[in-house]
Amino acid sequence: MKPVEQRWPDDLADRYRKAGYWRGETFPAFLRARAAERPEATAIVDGDRSWTFAELHRRAEAHAAGFLALGLSPGDRVVVQLGNVAEFFSAVFGLFRAGLIPVYSLPAHRLTEVAHLARRSEARAYIAGADYDGFDYRMLARGLKAEASDLRHVIIAGDAEEFVALDDCTGDASSLPGDPDPSSVAFLQISGGSTGLPKLIPRTHDDYIYSFRASNEICGVTENSVFLIALPAAHNFPMSSPGHMGALYAGARVVLSPAANPEAAFPLIARERVTITGLVPPLALLWMQTAPTAGHDLSSLEVLLVGGAKFLPEAAKRVRATLGCRLQQVFGMAEGLVNYTRLDDPDDIVVGTQGRPISPNDEVRVVDDAGEPVADGESGYLLTRGPYTIRAYHDDPAANQRSFTADGFYRTGDVVRRLPGGYLEVLGRAGDHINRAGEKISAEEVEDHLLAHPCVFDVAIVSMPDAALGERSCAFVIASEAGLKASSLKSWMRRRDIAAFKIPDQIVFVDRFETTAAGKVSRKELRARLRRDFLIQNGDMAQ
Ligand code: AMP
Ligand code: DBH
């Protein structure tokens, strides 16, 4: 089994420790500490259930022993695909405690993505809910066993059928090993990325805990906060910016919403007196539109974090008047770097920028095509390294070659402008990905699926501006047989066992792709040209 590691050069690691960023804390140790300090405080609210810190800790310890009793060993990887349910927390903290490494999968993932994550991580186990949002994950598990040869155990929260029930996966915590090493990898997070299937991002206890501890400070999260998790809990944004992990670290209460729409979230805000939450821009728009007439008391809400995709200034301006709370823009990535506007920033910064980095030790470079720094205020590609930004993906030499410079800067792929005070404005993307309401979709991955269709000769996927989603995906298809219909391509895609958000929103049939005189055009250029020609033709270039 390949080791899972994340290492910084010794001089930088020393600097991050001396600066007090990496304190040698671990996930199990902080949960134990909170359970000792405030045992009866509520940690998790999920519908009618609520768990105190003591209860969450007790459940995590019991699961840790149960996981090891199944035959799993510290260092083994476990794919976790749970929705916004309390079991997400008992399972994940149980894995941490046992030194097992969660690999986070989203509820929207289907066999294709889950199998990829399991294979790439050499996962020994898969933990999922029996069903969630109308989908039966036991069925997925049956397919997964055939696709992932290292998989030995399937653990199901709810009715487990032939699998092991999470509730039965408990044991005597007194025989557990010591806590994991703080510099070891705590979990594998996933990245949308622009090429192929998700990449695995190894995050250490030290680096990740620093990122949300510092985020708590920036966003004012304390033990009195009530944090609503409306986005999927496994996403990096609701997990760490400051998210549920930040909230639990602070000893605050985490309220889980099964969905992010106002119908699900507003009653929870009113009932639980939620003080802070995070949303992607399309949901923030919907909340702002709905709140004034929804008839729910949202007055407890103090801070709304918006990120994952660009939140336009015209929308950002309306947050306070419609929701009655302050806005913090957040521009982050599962690979590390997170930027926030600060609570005391003037309105023009909060509305017009995506914030500045968490840490004085976040190094930011904005460079041109040749890799040379551009002047402040000029647009360029964002490169970064720092105390919570990875230096390598797990087991992916090609991506590592592409995504990191020789001196260890991560190439974010984002085009930004640096403003006075180190604030960043995001202008766009260098890579070929579609940012659909915060879900990143790789053009290449979806093209591969469409090319597998017997009547598709060639295809190019591009992003298009979309008033509701920010961006939508559009597939330009050259059919090899007349009569191919968009609807049949879409239903065929639905049968490919992929996350539904990857199915193209729009399909445009074309006869051929224009090439240059030399007959050569890179797919990147082709996508850019298709997009430009289509937007000019349709007159929505200005969006
Ligand atoms: P991932 O690497 O999958 O975690 O996705 C991170 C990417 O999401 C960033 O590199 C940006 O492209 C995008 N992103 C996140 N937050 C923002 C934001 N506030 N504004 C614009 N783009 C964002
Ligand atoms: O989009 C993201 O990945 C993201 C956005 C905001 C993120 O990872 C984060 C904050 O931590």
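Here are a few notes on the cores, one strand and one buried threonine in this predicted model.

1. Some housekeeping. Residues are numbered from 1 along each chain as its sequence is written, chains are lettered from A and ligands numbered from 1 in the order written, and side-chain values use heavy atoms, without hydrogens or water. As the model is predicted, local features need pLDDT of at least 70 and side-chain atom pairs count only at pLDDT 80 or more, while totals for chains, interfaces and linings use all residues.

2. The largest nonpolar core (buried Ala, Val, Leu, Ile, Met, Phe, Trp, Tyr and Cys joined through side-chain atoms within 4.5 Å) has 154 residues, and Phe27, Ile44, Tyr126, Leu144 and Leu248 touch the most other members. Helix H4, residues 86-98 (helices are DSSP runs of H or I, at least four residues; strands are runs of E, at least two), gives the most to this core: nine residues. A second, separate core of 20 residues includes Trp492 and Phe501.

3. Have a look at strand S8 (residues 153-157), where five of five residues are buried (under 20% relative accessible area with a 1.4 Å probe, protein chains only; exposed is over 50%, partly exposed in between). His153, Ile155 and Ala157 cover one side, with Val154 and Ile156 on the other.

4. S8 runs parallel to S5 (residues 125-129), joined by five bridges (pairing takes at least two DSSP bridges). Gly129 has Ala157 as its bridge partner. S8 also pairs in parallel with S9 (residues 164-165) over two bridges.

5. Why does Thr341 count as buried? Because its relative accessibility is 0%. Thr341 sits in the loop between strand S17 and helix H14.
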